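Me: Please take a close look at the pockets of this model and at the strands that border them. A single connected account would be preferred.

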Amino acid sequence: MSSPVEIPFKSVVLIDRFSGTPVYLQIARQMINAIQRGVLVTGAKLPGTRAMAETLEVHRKTVVAAYNELDAQGWIELLPNKGTFVTHKFPVTTANPIPFNAEDLVSYPQRAGFQFRQSMLLDRPVSVSRAELEFTDGLPDVRLAPLNKLSKAYSSVLNRNNNRKYLGYSHVEGNEYFRIKLASYLNNTRGLHIGKENIITTRGIQMGIYLASMLLIEKGDKVVVGNLSYYVANMIFQQAGANILSVPVDEQGISVEAVRKLCASNQIRMLYITPHHHYPTTVTLSAERRMELLKLSVEYGFVILEDDHDYDFHYHSSPVLPLASADGAGMVVYVGSFCKALAPGLRSGYIVAPENLIAELGKLRRIIDRQGDLMMEQALGELLEEGEIQRHIKKAQKVYHQRRDLLSDLLVSDFSQYLSFKSPPGGLAIWTEWRKDINLMRVSKACLKQNLHLPQTLLFQTGQLSAMRLGFGNLNEQELKESVGILKNVIEANI
């Protein structure tokens, strides 16, 4: 057996007196770390408990407890009359100790030691900013969320003994009570004719698009989207192996004739639409085109994936009913959420589809997210039953209507020589088309210096297009005025 190893244990074992972890466990765990990383090698003799206690400035009983813990876990051997040694039973260390470096013991590898597939496809610009003001791509104002109502409902659900069943595994499709109330809500507000068996809950619209794509798209399948379209959906389709075909979008929405021409020469698997309101241009798909697309889907056998992310906010009239409300052939998969109606961080969404498809989606959902938050879904179901969510949406709609009008007025008065736009009939963003001599990326960087964030995902600038999607939902009237003022100053300084 070797002599006690000459390791600076005071640097190897760093004791935090304010930690909630007992000191003896801190010692044991950090010594395990040193063994695993080769600082303490197999067969190395450790200092006696008295010597180690003096080195670490702890009571000898603390070191005895640490050594007992190491022995119990099999990291060391306590040999009577010989001493304490790093066990020979595992080949995790080299024959000679590696050069000691205290930083190596408290670091985590920066790079994987193996090869793996990396995706440029799924890269997306980071939009996190510390700026106080921000134009989003159409997010709601979380300050309007009915958190008091939601917290009371959630607390009530948690405190009821008969709801403890929701703390275990249950329906992979989601909370049954919530799906019953959600079906009734969707039937009343969207003209659907569904029951709970036609719904599976999700963590938002993106998860709904992902589940539908993984199930319905095979490698090489062709998916039709508008030009322009929602970039996250496009990434999901390509990740599933699809080839994306784009068709024009005009003031009435996606071009039906263009879809028809593609169908005549291609086997189309799926058509993705955001009919209410189109992302990013905010136009509403006309009722006539909705019916034509349904007929085309039956004729050519393609799936319509209907992303109805903005249905709840329409300002001039009643919203146009979704395609799913008129689907008699089972060709539409409808995805929606409460993320816009309540708050983005409350990840509550859903897929509506024929029952056999919901059953298959449940199998796929089971392996990535066993079920939703059954307690939260129960609370949301009760808020739907009491009409609280409906009342909140009605109040929020008035606020967002005023903010849309204010931003429209500001754009007309301050930017008429720089851009053109049409005030959208609904949604939480305005699509603006700018003069091509204005560099939008440069504008974005200059705005950030003045405490206004314009994320790169809002900018659409090519040789043929110079446009920006300005979300107004998250900004109150004063913030809108300040944001537009900064944008105006930057534009005037860069022209």
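**Pockets and their surroundings**

Reply: By class, 10 nonpolar, 6 polar and 7 charged residues make up the lining of the largest pocket. The model is a predicted one, and in it this largest pocket has a volume of about 620 Å³. Its lining comprises 23 residues, and those nearest the centre are Asp-137, Leu-139, Gln-206, Tyr-230 and Lys-340. Two or more lining residues come from each of α7 (205-216) and α8 (231-239).

The second largest pocket has a volume of about 470 Å³. Of the 18 residues that line the second largest pocket, Glu-251, Thr-281, Val-283, Trp-431 and Glu-433 lie nearest its centre. Here the elements giving two or more residues to the lining are β7 (243-250), β13 (419-421) and β14 (429-434). By class, the lining of the second largest pocket holds 8 nonpolar, 6 polar and 4 charged residues.

The strand β7 merits further attention. Strand β6 (residues 222-227) pairs with β7 in the parallel sense, over 6 bridges; within this pairing, Val-223 has Ile-244 of β7 as its bridge partner. Together with α8, the strands β6 and β7 make a right-handed β-α-β unit. Thus α8, which contributes to the lining of the largest pocket, belongs to a unit with β7, and β7 contributes to the lining of the second largest pocket.

β7 also pairs with strand β8 (residues 253-254), to which 2 bridges join it in the antiparallel sense. In this pairing, Asp-250 stands opposite Gly-253 of β8. The two strands, β7 and β8, form a hairpin with 2 residues between them.

Definitions and conventions: Residues are numbered from 1 along each chain as its sequence is written. This is a predicted model: local features need pLDDT of at least 70, side-chain atom pairs count only at pLDDT 80 or more; totals for chains, interfaces and linings use all residues. Side-chain values use heavy atoms; hydrogens and water are left out. On a 1 Å grid over the protein atoms alone, a cavity is a set of points where a 1.4 Å probe fits but cannot get out, and a pocket is an open set with protein on both sides within 12 Å along at least five of seven lines; lining residues have an atom within 4 Å of a point. Grid points are joined across faces, edges and corners, and a volume is the space filled by probe spheres set on the points. Helices (H or I, at least four residues) and strands (E, at least two) are DSSP runs, numbered from the N terminus. Ala, Val, Leu, Ile, Met, Phe, Trp, Tyr, Cys and Pro count as nonpolar, Asp, Glu, Lys and Arg as charged, and the others, Gly among them, as polar. Two strands pair if DSSP finds at least two bridges between them. A crossover is right-handed if, with the strands pointing away from the viewer, the path from the first strand over the helix to the second runs clockwise.
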